[in-house]
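Work through the exercises below with the sequence and the structure side by side. Try each task before reading its solution.

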Amino acid sequence: MGSQTHTRSWAEVYQAFKNPKVIALLFLGLSAGIPILLIFSTLSVWLREAGVSRATIGFFSWAALGYAFKFIWAPLIDKLPVPILSQILGRRRAWLLVSQFLIILSLLLMATSDPNQSLATLATFAVFLGFSSATQDIVVDAYRIEVADTDLQGIMSSAYIAGYRIGMLVAGAGALELAGFFDGGNGYDLAAWSKTYMAMAIVMVIGVVTTLIISEPKSVTQNDAHLKSSSDYFQFLGCFLCATGAFIVVFLISAGAVDIAKTRLTNDLFVASRLANFMVETVRLSFAVIGAALMCYILITTKFVPKNVITETYLGPFTDFFKRYGKTALLILALVSTYRIADVLMGVMANVFYIDLGFEKQEIGRVSKGFGLVMTIVGGFMGGALAVRYGIMKALMVGAVLAAASNLLFALLAIIGNDIIVLMVVISADNLSAGIASAAFVAYLSSLTSTSFTASQYALFSSIMVLLPKILAGYSGMMVESVGYEMFFIGTAAMGLPVLVLIYLVAISDRTV
């Protein structure tokens, strides 16, 4: 089965950490970890200081849903080279460079935005950043799996997660420190946040330099054979662009219809209802997806694009996975979709929670950068080492237990209140558990992935991983306002219990523990 790994001695584990490929993944992980918090908790602090409500901040987290839907354009990364650039750098490195430049552009655009003048504009740029960052993740994940043997994936994952968490700390603690420095401790200052996001764009140069230094993986996916001719190339790209265009057109047209409907409604309570608005937006999104699917169907039936190219590209990863895992595949997908619920749901409100308790931005940043950084590095490498030494499933179980338990510490902090020592303990424990759980989980997802569909299949797994947690995270602000912080954190910890059952069931089916 895919999660089966060979255990190694501690000496072999130590030697594996010194592999140049592992070190490269540390820096690529840092590059991947920077953008996520800039559309997540750091942005939440910016919005909160600007006077945006907690409920709106919670909904704002949906700007990161690009991570949940990246499997839609992952096949392009598997199939299509970047013109000219791929001939110079290779397909993986070319896509990496393109995505990193898009991230830098997105950050600069966000730096020019003012949430008090146009919240929609800032949201648009945040969505653009989410799309660009998700694209980088697709390529980094494919590169990581292709550049090293299966036995090294646990160590590669730990280096990637350690770098990812360091990047998150740079964009979290580092950004808060910068924002506090630029505003001089005088409260909300738009210019301070603009300078902070410009600084984060500069930090992304680390990823660009790493991309230029590393070598291209030698492995080539089997599906490349379908796009050897230029006609296949342009037909496949044309199909994707037409489907994307249909999605955008239907979504924009439906926006006009919704506005007209609202002007004719007299029930102010219905119009103002957040739930009603969410349901309307869900219907709009559904119709847009149907429009895109219908466009693909028309292009296939008119033979604009060969049917085998589309079916192999989008159905191939699914059929390959179910063929390899059989009935156990459903248990695996349930585990993948729920493993990070406790962590993601809590994470949206974490920094808002600290602010509401009365902690200063710089206090939060310094604790995260100090204790949090050390525990993140330790946790990331512990997770990888445990996966290699004892097996991935045992490491997964340890990570899930710690992730749920750390949420209970947040409930304790909610009871105690503004206490810097307790804050240090909570942030340290959260970073340690997150590092262990994430490294083990990335190693597990990597073991499930077939090299025939590297980017597409891993993107599918990682999209499933965040889809449910991020949708629920959109309601985190409303949950806090309804039940308070203490019960909110206890509830998120309880959500981790079904995950333990799923790990046990998958492990029994897999026979690897």
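A residue counts as buried when its relative accessible area is under 20%, and as exposed when it is over 50%. The model is a predicted one.

**Exercise 1. Burial and contacts across the sequence**

Task: Decide whether Gly 384 is buried or exposed, and state how far its C-alpha lies from that of Ala 162.

Solution:
1. Gly 384 is found in helix H18, which runs over residues 361-390.
2. The relative accessible area of Gly 384 is 0%, so the residue is buried.
3. Along the sequence, Gly 384 and Ala 162 are 222 residues apart. In space, their C-alpha atoms are 9.6 Å apart.

Task: Do the same for Ala 32: is it buried or exposed, and what separates its C-alpha from that of Tyr 160?

Solution:
1. Ala 32 belongs to helix H2.
2. With a relative accessible area of 0%, Ala 32 is buried.
3. The C-alpha atoms of Ala 32 and Tyr 160 are separated by 8.9 Å, although their positions lie 128 residues apart along the chain.

**Exercise 2. Backbone angles**

Task: Describe the backbone and the setting of Ile 84.

Solution:
1. The phi of Ile 84 is positive, about 70 degrees, and the residue is not a glycine.
2. Ile 84 sits in the loop that joins helix H5 (74-79) to helix H6 (85-89).
3. The relative accessibility of Ile 84 is 62%, so it counts as exposed.

Task: State what phi Gly 417 takes, just after H19.

Solution:
1. Helix H19 covers residues 392-416.
2. Gly 417 follows just after H19 and has a positive phi of about 95 degrees.

**Exercise 3. Helix lengths**

Task: Compare the end-to-end distances of helices H19 and H8 with the values expected at 1.5 Å a residue.

Solution:
1. H19 has 25 residues, with an expected span of 36 Å. From first C-alpha to last, H19 reaches 37 Å, which is close to that value.
2. H8 (residues 119-147) has 29 residues and should span 42 Å. The end C-alpha atoms of H8 are 42 Å apart, in agreement.
3. Of the 29 residues of H8, 21 are buried, so the helix is largely enclosed by the rest of the structure.

**Exercise 4. Helix packing**

Task: Classify three helix pairs by crossing angle and handedness: H2 with H7, H3 with H10, and H9 with H10.

Solution:
1. The axes of H2 (residues 20-38) and H7 (residues 91-111) come within 11 Å and cross at roughly 30 degrees. Angles under 35 degrees count as roughly parallel, and H2 and H7 are therefore roughly parallel. Their crossing is left-handed.
2. H3 (residues 41-49) and H10 (residues 190-203) have axes that come within 11 Å and cross at roughly 165 degrees. The cut-off for roughly antiparallel is over 145 degrees, so H3 and H10 are roughly antiparallel. H3 passes H10 in a left-handed crossing.
3. H9 (residues 153-183) packs against H10 at about 140 degrees, with the axes 8 Å apart. H9 is therefore oblique to H10. This crossing is right-handed.

**Exercise 5. Aromatic rings**

Task: From the 16 aromatic pairs of the structure, classify Phe 321 with Phe 461, then Tyr 485 with Phe 489.

Solution:
1. The ring centres of Phe 321 and Phe 461 are 5.1 Å apart and the ring planes meet at 65 degrees, so this pair is edge-to-face.
2. Phe 321 is in helix H15 (residues 307-325) and Phe 461 in helix H21 (residues 454-473), so the pair, 140 residues apart, links distant parts of the chain. Both residues, Phe 321 and Phe 461, are buried.
3. For Tyr 485 and Phe 489, the centres are 6.1 Å apart and the planes are at 15 degrees, so the pair is stacked.
4. Tyr 485 and Phe 489 share helix H22 (residues 476-494) and are four residues apart, about one turn. An α-helix has 3.6 residues a turn, so residues three or four places apart point the same way. Both Tyr 485 and Phe 489 are buried.
5. Tyr 485 and Phe 489 also belong to one aromatic cluster with Phe 353, Tyr 354, Phe 410 and Phe 488.

Task: Identify which rings lie under the charged end of Arg 144.

Solution:
1. The charged end of Arg 144 sits over the ring of Tyr 160, 5.5 Å from the ring centre.
2. It also sits over the ring of Tyr 458, at 5.0 Å from that centre.

Definitions and conventions. Residues are numbered from 1 along each chain as its sequence is written. This is a predicted model: local features need pLDDT of at least 70, side-chain atom pairs count only at pLDDT 80 or more; totals for chains, interfaces and linings use all residues. Side-chain values use heavy atoms; hydrogens and water are left out. Helices (H or I, at least four residues) and strands (E, at least two) are DSSP runs, numbered from the N terminus. The expected span of a helix is 1.5 Å times one less than its number of residues. Rings of Phe, Tyr and Trp (its six-membered ring) pair if their centres lie within 6.5 Å; planes under 30 degrees apart count as stacked, over 60 as edge-to-face and the rest as tilted. Buried means under 20% relative accessible area, exposed over 50%, partly exposed in between (1.4 Å probe, protein chains only). A charge sits over a ring if NZ of Lys or CZ of Arg is within 6 Å of the ring centre and within 35 degrees of the ring normal. Axes are lines fitted to C-alpha atoms, for helices over the stretch in contact, and angles run from 0 to 180 degrees between N-to-C directions. Angles under 35 degrees count as roughly parallel, over 145 as roughly antiparallel, 65 to 115 as roughly perpendicular and the rest as oblique. A crossing is left-handed if the near helix is turned anticlockwise from the far one by less than a right angle, and right-handed if clockwise.
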